[in-house]
Amino acid sequence: MSQEYHINTRCLQSGYEPGNGDPRVVPIYQSTTFTYDSADTMGKLFDLEVAGDFYTRLSNPTSGAVERKIAALEGGIGALLTSAGQAASMISVLNICRSGDHVISSASIYGGTYNLFHKTMREMGIDFTFVDPKASEEELSAAFRDNTRLVFAETLANPTLVVLDIEKFARVAHAHNVPLIVDNTFPTPVNCRPFEFGADIVVHSTTKYMDGHATAVGGVIVDSGNFNWKNGKFPELTEPDESYHGIIYTEQFGEAAYIVKARTHLMRDIGAVISPNNAFLLNLGLETLFLRMERHCSNAQAVAEYLEQHELIEWVNYPGLKSHEGYELAQKYMPGGTCGVISFGVKGGRDKAAQFMEALKLAKIVIHVADARTCVLHPASTTHRQLNDQQLAEAGISPDLLRFSVGIEHINDIIADLEQAFAAIR
Ligand SMILES: *Cc1c(COP(=O)(O)O)cnc(C)c1O
């Protein structure tokens, strides 16, 4: 499928091209394994000499079609689906980091990613420095060490909605010969394509807008193919891998070295694989992603403007509002819209916020965002409850913050729900 097609068309048609008499829709290949007629062919598949599906932990035709679609949406050269967004983040880092290495990460990231980095991966011997995403280039540069292997950030942070200056982060990372990995879950490739601004690797929780219907947990890693791994800093990609008879990823797979290694080394060893059935559900979501994002954004804009003028509201945080600190950056990196997630504070602080949330009827309280149905959450008592007040403040989350994920219902019904909740707490 040609990259020249508009992204809307790619959502529907990329990744799978049926032949004569084939199913129109990518089928669910619900099979763990695939047969070959000779030991020689199987051996070559195993040694990565030829490409082909042989075991679903490594690849599967349904997942493969969806991987090609997402790579086409982001403008990358390849993708790897994972069992969850968490696995995508972990594998994206582990692929080029070992014990003793160091990572620079934005402090404004999803709570689960923060835990993964701050606790689990630190216990594995990888050190992290968390930086303010609004830091200057000089401040960012000062965080680098000799053993720094990558920079990680979210294009539109969950839940703080800080808009990343992607070009600034890419510039600083590249000046230090390391890649920029960004989590692009909130804008999705429909609204933002980070490779166009210098990011090297993109990860997603596909659980959110990509699936969009809250049916399947999943994640994905996408490789731009642009980073030069042969600059001396990445021996795992440029030196022989003994577990594959000494192949050298950059020699055998060229620009696809990173994404091939993520699959053949880490997915082989860790096994955080998506099921073919979940890949199929994800594909259904992707087909309408461009339509849903448009409505999420127009509904969220209307809700944000409504809340901003309401006398019971302390503050509203939405990058589509001119009052938002990241408005200009959002116009630059996400000119078609940002996402459907808004955060705001209700006058009266933590207790009033909880009361308001409980008074909502259409908007359900769930540990989820980016769902077709409007939902609401209080991060300080749920997703970020492990963080102490100082860590909360570092992550940019106040105790009264309500995260409101605007769905694609009729806008009048969403506003009416908010209105009756305000009436209930007056
Ligand atoms: C939800 C989320 C994740 C984690 O994804 P799971 O699919 O829940 O594992 C990572 N990053 C962001 C920005 C998220 O919103």
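Let me begin at the ligand, where 15 residues surround the bound molecule, and the closest of them are Asn158, Asp183, Ser205, Thr207 and Lys208. Please keep in mind throughout that what we are looking at is a predicted model, and that every value I quote is computed from it.

If we sort the shell around the ligand by class, we find 8 polar residues, 4 nonpolar residues and 3 charged residues. Two of the closest residues, Asp183 and Lys208, also appear when we look at individual atoms. An N or O atom in the side chain of Asp183 lies 2.6 Å from a nitrogen atom of the ligand, while an N or O atom in the side chain of Lys208 lies 2.6 Å from an oxygen atom of the ligand. The backbone takes part in this list as well, since a polar backbone atom of Gly85 is 2.9 Å from an oxygen atom of the ligand. How much of the ligand's accessible area does the protein cover? On its own the ligand has 380 Å² of accessible area, and the protein covers 93% of that.

Staying for a moment with Asn158, one of the closest residues to the ligand, I would point out that the peptide bond leading from Asn158 to Pro159 is cis, with omega near 5 degrees. Pro159 itself sits in the loop between β4, residues 148–154, and α7, residues 166–175. On the other side of that helix, in the loop between α7 and β5, which spans 180–183, we come to Asn177, which is not a glycine and yet has a positive phi of about 60 degrees. As background, most peptide bonds are trans, and most residues other than glycine have a negative phi.

Let me now turn to a piece of the fold. Strand β2, residues 102–106, pairs with strand β3, residues 127–131, in the parallel sense over 5 bridges, and within this pairing Ile104 has Thr129 in β3 as its bridge partner. Together with helix α5, residues 111–123, these two strands make a β-α-β unit, and that unit is right-handed.

Finally, stepping back to the whole protein chain, we count 17 helices and 12 strands. Along the principal axes, the C-alpha atoms fill a box of roughly 75 × 55 × 35 Å. What radius of gyration would a compact globule with 426 residues have? The expected value is near 22 Å, and because the protein chain has 22 Å, the chain agrees with that expectation.

Methods: Residues numbered from 1 in each chain as written. Predicted model: local features only at pLDDT ≥ 70, side-chain atom pairs only at ≥ 80, totals over all residues. Heavy atoms only, no water. Near = heavy atom within 4 Å. Polar contact = N/O pair within 3.5 Å; in protein donor to acceptor, adjacent residues only side chain to side chain. Areas by Shrake-Rupley, 256 points an atom, 1.4 Å probe, with all protein chains shown as cover. Nonpolar A, V, L, I, M, F, W, Y, C, P; charged D, E, K, R; others polar. Pairing = 2+ DSSP bridges. Helix = DSSP H or I, 4+ residues; strand = E, 2+ residues; numbered from the N terminus. Right-handed = clockwise from strand over helix to strand, strands pointing away. Rg over C-alpha atoms; globule rule 2.2 N^0.38 Å.
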